[in-house]
Amino acid sequence: MTTRPEIMRPDSQASPFHHGERAVQSRLGVRSIEKWASQVIRDYMPEQHREFYQAQPFMIAAARDADRQPWVTMLVGDEGFVGSPDPQRLTLAATPTPGDALEHAFRDNADVGFLGIQPHTRRRNRVNGFVESNNDQGFTLRVAQTFGNCPQYITEREGQRVEPVTDIPVQRGDALSAAQQQWIANADTFFIGSGYRGDGDDASYGMDASHRGGEPGFVEVLSPKRIAFPDYSGNNHYNTIGNLVLDARVGLLFVDFASGSLLQIAGRASIDWEPSEALQNQGVRRTIYIDIEQTIELTGAIPLRWGTDASAQRPLRLVDKIKESEDVASFIFEAEDGLPLPEFEPGQHLPIDVEIAGFDAPQRRTYSLSSAPQDSQYRVTVKRVADGLVSRHLHDHIEPGAVINSRHPAGEFLLSCSECPLVLISAGVGVTPMVSILRAVTQTPSDRPIWFIHGARDGDHHPLAEEVRTIAAANPNVQLHVMYSQPRPEDSSGPDYHGVGRVDGALLAEQVENPDAHYFMCGPAAFMADMQAGLAAKLVPTEQIHYESFGPAS
């Protein structure tokens, strides 16, 4: 086994992005994301990620064939086929089926990218690295980078195992058949693999596996040799697009969830950076075109089947709309059928589908719940963003009596301890999950130390302020500290805020001295990066730091 380049350590000064990703971020004006990404893109798996991967019935994998062409496949093994002997390694007791484009790809030192995704919980995490060793039963992945992804655009599905097929038909081609074109036109999900490996500062990067989703028809079949799909706003990392601007070779995987069949596509990508105004109004930021060079169809290749869970969709009626601040409003919903709503954990979010005139399909978004689990209604508190399609529609057009569809609350931003001291830190509309957590943990009187630390511009831009003040006043164990960066003349020091400036590491060090405290954070990327750096300076163990980040509002 040959020696690999040194893997980037989290305390290194190296960027977590290669120069293709950085170039795209610069072009799109989001280079500031690096400060946050440097805190959360790790070269080891947090314990929560290790547990997540080891519970998966399948893994999406991207790698290259002998001609260096990227492909994507789905690896499936017996229950428990994914292991993690330590935070730097994953073991997979599975190999691709015969005829798969990546049948011989997982050799020693091969660059690989993996995506773990749970359709029924809409949770996903990404990890990339290289094959450290392999045998006939599977291989070991050495982690180079790992990070979580938001649940946006994931379709809920419930899966089950079936008996595997021993003789899998393989159909190869250089263009899409009529049946394959229909398959793609009906798809609401596919997976994309891309890669780049450079030298020097870029030596730590290889393959990436990513998910794309939307309403059926979001992938457009232009011809048997060409397809196109939209690129929506996301986490601003631009891993896939950053790879493609340096190496246009790309692999796609479409899964027939009802039959277990796989359609692998290899081709070359091109990017339309300025789609039409009509597409931009639908949230499309770019359009990616794929010119198809090879196809492989594997019929019934995987022993898993999924169906969409129609019961997971629940019509909700808006019963109240409350202006919380200059640009934030709360929307309170109850079940249209009058039955109890599904339970949720404080910190989780609510996926909703919003019908907007002029759009063929509902627009899907997720918003943190600001209500408490004991409430009989759901409350989401949403900031109106000037170019946010759904947030503008909610603020400007949705009124009490309107009905929207929702799915079960979800998310992993959860209380991990029942008695530990809590530090709830937020900025802007990031206060919403913190209020849900605060209300839950103060439901009964307690001596549990709780710090609620929030940053806002001024009193006009401080949502849910009075609610938090009331809770803090009623609970002596809650210490409230609010910072205003630009207080108005009518804002009063003491009743309204406690300091001028921003929430930063120095403030945390001043306010919180308990070494057993668990920190929960939510806010814009730059704020989260500052908080992570401040907690690192305090030598707070990573297992005591929990965060929920939000991407570009829409």
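## Hairpin of strands 12 and 13

Two residues form the hairpin connection between strand 12 and strand 13. In this predicted model, strand 12 covers residues 220-223 and strand 13 covers residues 226-232, and the two are paired in the antiparallel sense over three bridges. Within this pairing, Val221 has Ile227 of strand 13 as its bridge partner.

## Six-stranded sheet

Six strands make up an open sheet in the order 21-20-23-18-19-22, and their pairing is antiparallel. The edges are formed by strand 21 (363-368) and strand 22 (378-383), each of which pairs on one side only. From one strand to the next, the twist averages 40 degrees.

Inside this order, strand 20 (residues 349-354) is paired with strand 23 (residues 403-406) in the antiparallel sense, over two bridges. Ile352 has Ser406 in strand 23 as its bridge partner.

## Nonpolar cores

The largest nonpolar core comprises 48 residues. Ile60, Met74, Leu90, Leu92, Phe106, Phe114 and Val255 are the residues with the most contacts inside this core. Strand 1 (residues 58-64) supplies its largest share, namely six residues. A second core, separate from the largest one, has 27 residues, including Ile425, Ala427, Ala529 and Ile545.

Val255, one of the residues with the most contacts inside the largest core, can be described in further detail. When neighbours within four places in sequence are left aside, Val255 is in contact with Met74, Trp183, Phe191, Ser261, Leu262, Ile302 and Trp306. Among these partners, Met74 is likewise listed with the residues that have the most contacts inside the core.

Key
Residues are numbered from 1 along each chain as its sequence is written. This is a predicted model: local features need pLDDT of at least 70, side-chain atom pairs count only at pLDDT 80 or more; totals for chains, interfaces and linings use all residues. Side-chain values use heavy atoms; hydrogens and water are left out. Two strands pair if DSSP finds at least two bridges between them. Helices (H or I, at least four residues) and strands (E, at least two) are DSSP runs, numbered from the N terminus. Axes are lines fitted to C-alpha atoms, for helices over the stretch in contact, and angles run from 0 to 180 degrees between N-to-C directions. A nonpolar core is a set of buried Ala, Val, Leu, Ile, Met, Phe, Trp, Tyr and Cys residues joined through side-chain atoms within 4.5 Å. Buried means under 20% relative accessible area, exposed over 50%, partly exposed in between (1.4 Å probe, protein chains only). Contact means heavy atoms within 4.5 Å.
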